Amino acid sequence: MEKKKSVLFAASEGMPFVKSGGLADVIGSLPKVLKSQYDIRVVLPLYSDIIERWIDKLKKIVTFNINQGQKQTVASVYRYELDGVTYYFIEHQGYFERNNLYGYPDDGERFAFFDLAVTDMLAHLDYFPDIIHSNDWQTGMIPLLCKRRHPGDARYLKIRHVFTIHNILFQGNFPPEMLESCLGLPMELFDDGTVRQGRDMNFMKSAILFADKITTVSNNYAHEILTEQYGEGLEQILQRRSWDLWGIVNGIDTDMWNPATDKKIAKRYTVEDRKGKRECKRALQRQLGLRVSSDTMLVAMVSRLTSQKGVYLLIDNMYQLMGLDIQFIVLGTGDEHAENGLRTLEYRFPHRAVYYRGYNEELSHAIYAGADAFMMPSVFEPCGISQLISMRYGTLPIVRETGGLKDTVTPYNTYTGEGTGFSFKNATGDDILHVTRMATEVYYNNKDAWNRLVTNAMNKDVSWEGSAELYYRLYSSIL
Ligand code: ADP
Ligand code: GLC
């Protein structure tokens, strides 16, 4: 049998080890699907959280020096196998053993180190993947490093590179000196404009230029980022490479997110027998101190609370929205201003609105299962994982028609009854109110239509199957 080709995924987070958002969902689920055709491995930073929960299982396999330009650092690599996927973890106490994943003043230095360590690790392991699949700015320097750092080593030059943009808003912009001092690369790469964006050096731009193929997480977003409105300044570079830019929509781990088997929800249910969903709703209302009522429409949101997610559209229109006969739950953390707005909502509408501040995996399952509708009024949304999960749990998404939300949610058609949720076009109070009112009208006055939508949503294929085929085609095209 021919040896499988190997793909190394490089990322800054991945389930089941660490998660701050949808990137971790993707890194935790896509490799498991692709492994049937490829030898798939994943490399992540060894954060404190991972050490706490997994260190007993990990095996240290190598320690080596890294020449960072102006300094020498030491990195160790740990290895672990899970579900047929090999994981590598890069250890550096100073950079990764902290309370949070991101948000530090030296993030540039931290991930410059990670990219160097991933690149140099290959020589020490004598493992040269056919493809390195990097994700978002944190891994953006890898394609360039592989090409420049070991000029005499053909094994590095043979590697093909795929770079996936999960969110173009975060590009990794840092002072240009970092090129030399943290990455050991010549300043001419900045001076001649190659990795320069404005006054900064830019990790994502470097990846867009040096990867063989660029992908993003929905077809619609692939078009959007070519425009000034969504491109965040990288649109022209992307236009130059548009021939190599693919939009491949995300799926979810349908074993982990399955209302028929989910141990984190009050009662399991299926599309044919949905009685359990009513119990999940009552349990959720009880747990969060809402009035327990099967018949009141329960709308929820599980999200990072940033302007990307349209949270201010909600807050600015909360009195009108709560004028509809609904209960509202928000789970999330983020901007202080948004958190305060949601505290006000909870205070004004006792037993009808709850804001749970925090990151809580367990509660998120209970919410996806217990709510009737899921609110996602994003200003932009590369793909969105939450609307996929909510459809799987028969919780109808109410989304703004942007990015992957437009590609994955079919809006309710009042004439044909088709649809898997509700959608609106403009990020305005009028639009969000209009669509939410429409959803409540269907919920209260047209139960048959609502139930049909729930059936459609639960039957929708949100797995990786279709997209995996596209990744195979993409990989073949560069091998
Ligand atoms: P993004 O990656 O932009 O934050 P996605 O919709 O792609 O948005 O993915 C968000 C993921 O993070 C989903 O799996 C969602 O359930 C999860 N999530 C977001 N906020 C929380 C939270 N406060 N508690 C638990 N899970 C959360
Ligand atoms: C980013 C995007 C989100 C996407 C996720 C996984 O966090 O904001 O839309 O679903 O990455 O690709």
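# Salt bridges, two ligands and odd backbone spots

Trainee: Quick one to kick off: Arg110, buried or exposed?

Mentor: Buried, with a relative accessible area of 0%. Bear in mind that this is a predicted model.

Trainee: So what does the side chain of Arg110 meet in a salt bridge?

Mentor: Asp107, with N to O at 2.8 Å. Asp107 is buried as well, at a relative accessible area of 9%.

Trainee: And how many residues apart are Arg110 and Asp107 in helix H4?

Mentor: They're 3 residues apart in H4, which covers residues 107-125, so about one helical turn separates them. In general, side chains of opposite charge can pair when their charged atoms come close.

Trainee: How many salt bridges does the count come to?

Mentor: It comes to 18 salt bridges. A buried case is Arg241 with Asp244: their side chains meet in a salt bridge at 2.7 Å, N to O, and both Arg241 and Asp244 are buried.

Trainee: Which residues are linked in a network of salt bridges?

Mentor: Lys19, Asp25 and Glu361 are linked that way. Keep Asp25 in mind for later, as it is listed among the closest residues to ligand 1.

Trainee: Okay, what does Asp126 form a salt bridge with?

Mentor: With Arg155, and the closest N and O atoms are 3.2 Å apart. Asp126 is in the loop between H4 and strand E6 (131-135), while Arg155 is in helix H6 (residues 154-158), so this pair ties together parts that are 29 residues apart in sequence.

Trainee: Is Asp126 exposed or buried?

Mentor: Asp126 counts as exposed, at 56% relative accessibility. Arg155, its partner, counts as partly exposed at 38%.

Trainee: What about the backbone there, is the phi of Asp126 positive or negative?

Mentor: Positive, about 50°, although Asp126 is not a glycine. As background, most residues other than glycine have a negative phi.

Trainee: What's the phi of His351 like, positive or negative?

Mentor: Also positive, at about 65°, and His351 isn't a glycine. You'll find His351 in the loop between helix H16 (336-348) and strand E15 (353-357). It is exposed, with a relative accessible area of 54%.

Trainee: While we're on backbone geometry, which residues does a cis peptide bond join?

Mentor: Met15 and Pro16, with omega at about 0°. Pro16 is in the loop between strand E1 (6-10) and H1. As for the usual situation, most peptide bonds are trans.

Trainee: Changing topic to the ligands. How many residues surround ligand 1?

Mentor: There are 22 of them, and the closest are Gly22, Asp25, Arg304, Lys309 and Tyr368.

Trainee: Which helices and strands each supply at least two residues of the shell around ligand 1?

Mentor: Helix H1 (22-34), strand E14 (326-332), helix H17 (361-370) and helix H18 (386-392).

Trainee: How far is an oxygen atom of ligand 1 from a polar side-chain atom of Lys309?

Mentor: That one is 2.7 Å. On the backbone side, a polar atom of Ile385 is 2.8 Å from an oxygen atom of ligand 1, and a polar backbone atom of Ser386 is 3.2 Å from a ligand 1 oxygen.

Trainee: And how much of ligand 1 does the protein bury?

Mentor: Ligand 1 exposes 560 Å² when taken alone, and the protein buries 93% of that.

Trainee: Which pocket does ligand 1 sit in?

Mentor: The largest pocket. The space taken by ligand 2 is the largest pocket too.

Trainee: Which residues are closest to ligand 2, then?

Mentor: His166, Asn250, Glu381, Cys383 and Gly384 are the closest, and 14 residues surround it.

Trainee: What distance separates an oxygen atom of ligand 2 from the side chain of Asn250?

Mentor: It's 2.8 Å, to an N or O atom in the Asn250 side chain. For backbone contacts, a polar atom of Pro382 is 3.5 Å from a ligand 2 oxygen, and a backbone N or O atom of Gly384 lies 2.7 Å from an oxygen atom of ligand 2.

Trainee: What area does ligand 2 expose when taken alone?

Mentor: 310 Å², and the protein buries 92% of that.

Terms used
Residues are numbered from 1 along each chain as its sequence is written. Chains are lettered from A and ligands numbered from 1 in the order in which they are written. This is a predicted model: local features need pLDDT of at least 70, side-chain atom pairs count only at pLDDT 80 or more; totals for chains, interfaces and linings use all residues. Side-chain values use heavy atoms; hydrogens and water are left out. A salt bridge is a side-chain nitrogen of Lys or Arg within 4 Å of a carboxyl oxygen of Asp or Glu. Helices (H or I, at least four residues) and strands (E, at least two) are DSSP runs, numbered from the N terminus. Buried means under 20% relative accessible area, exposed over 50%, partly exposed in between (1.4 Å probe, protein chains only). A residue is near a molecule or strand if one of its heavy atoms lies within 4 Å of it. A polar contact is a pair of N or O atoms within 3.5 Å; within protein, one must be able to donate a hydrogen and the other to accept it, and residues adjacent in sequence count only if both atoms are side-chain atoms. Accessible areas come from the Shrake-Rupley method with a 1.4 Å probe; for residues, only the protein chains shown count as cover. On a 1 Å grid over the protein atoms alone, a cavity is a set of points where a 1.4 Å probe fits but cannot get out, and a pocket is an open set with protein on both sides within 12 Å along at least five of seven lines; lining residues have an atom within 4 Å of a point. A molecule sits in a cavity or pocket if more than half of its atoms lie within 2 Å of its grid points.
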